[in-house]
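Student: Could you take me through this structure?
Tutor: Certainly; please look at the sequence and the model first.

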Amino acid sequence: AKVNEIQQHAVKITRTKGTTDLDEILDSVLTIWAAGMEPNTVSVRCERVKDGELVKNQRGQYVVDSKLRVKGGMNQVYALGDISECKDLNNSNEFLKSTAQVAMQQSNTVAKNLFRSLSMSRTEEESFHYTDLGEMLYLGLNDATISSIGGIHITGLPAAVARRTAYLARMPTLQHATQMASALSIQSGLNVIYPDMKDKPNAWEL
């Protein structure tokens, strides 16, 4: 079936039966979108490395070693986040999930290793070790759930506030944090003026 539109309490789909397309409306109390993703890899231009030599998996992700260097890239190409396939050093039989938490931790390792490589440092590049910090799930404007590896579990408004605070703290620059804080303030103000908007998703919703 093909999803055409997601509404507040319904999902419009087109279901194909034989050679006929039938439009249907499915009633929904909660819709979870899990359509998957496709890595957005780009061609690599390097004097000593050709894009065709870089190793990719069946999904098109670059296969990286423990130092996040792309295999086949002669230690000159790094990849992280959604476009990389990275093994979990804590469990060699598992691959890390393509989540923001993984990518943000990988960025620190890539930055350090790039600095060592460009500065001709004799210090060995460091391997990436992922630390699971738990999960944060958005459930609405003033609702969320947070679970951590320490057994801490928070729900409702406190979780929503903690989640937004965590995102603000992780912004790469003060300008990004300021823009995000402004968007949250505008969103909160509009919810006070227009209470009916609380149940409707907004483009600035975080």
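The conversation below covers the chain, its cavities and a surface patch.

Tutor: Residues are numbered from 1 along each chain as its sequence is written. This is a predicted model, in which local features need pLDDT of at least 70, side-chain atom pairs count only at pLDDT 80 or more, and totals for chains, interfaces and linings use all residues, while side-chain values use heavy atoms and leave out hydrogens and water.

Student: How many helices and strands are there in the chain?
Tutor: The chain has three helices and ten strands, where helices (H or I, at least four residues) and strands (E, at least two) are DSSP runs numbered from the N terminus. Along the sequence their pattern is β-β-β-β-β-β-β-α-β-β-β-α-α.

Student: What share of the residues count as buried?
Tutor: Of the 206 residues, 27% count as buried (under 20% relative accessible area, with exposed over 50% and partly exposed in between; 1.4 Å probe, protein chains only).

Student: And where is V3 found?
Tutor: V3 is found in strand β1, residues 2–6. V3 counts as partly exposed because its relative accessibility is 36%.

Student: Which residues form a nonpolar patch with V3?
Tutor: I6 and W33 join V3 in that surface patch, and together the three have about 300 Å² of accessible area (Shrake-Rupley method, 1.4 Å probe; for residues, only the protein chains shown count as cover). Patch residues have over 30% relative accessible area and no salt bridge; like charges are joined within 9 Å, and nonpolar side chains (Val, Leu, Ile, Met, Phe, Trp, Tyr) within 5 Å. A salt bridge is a side-chain nitrogen of Lys or Arg within 4 Å of a carboxyl oxygen of Asp or Glu.
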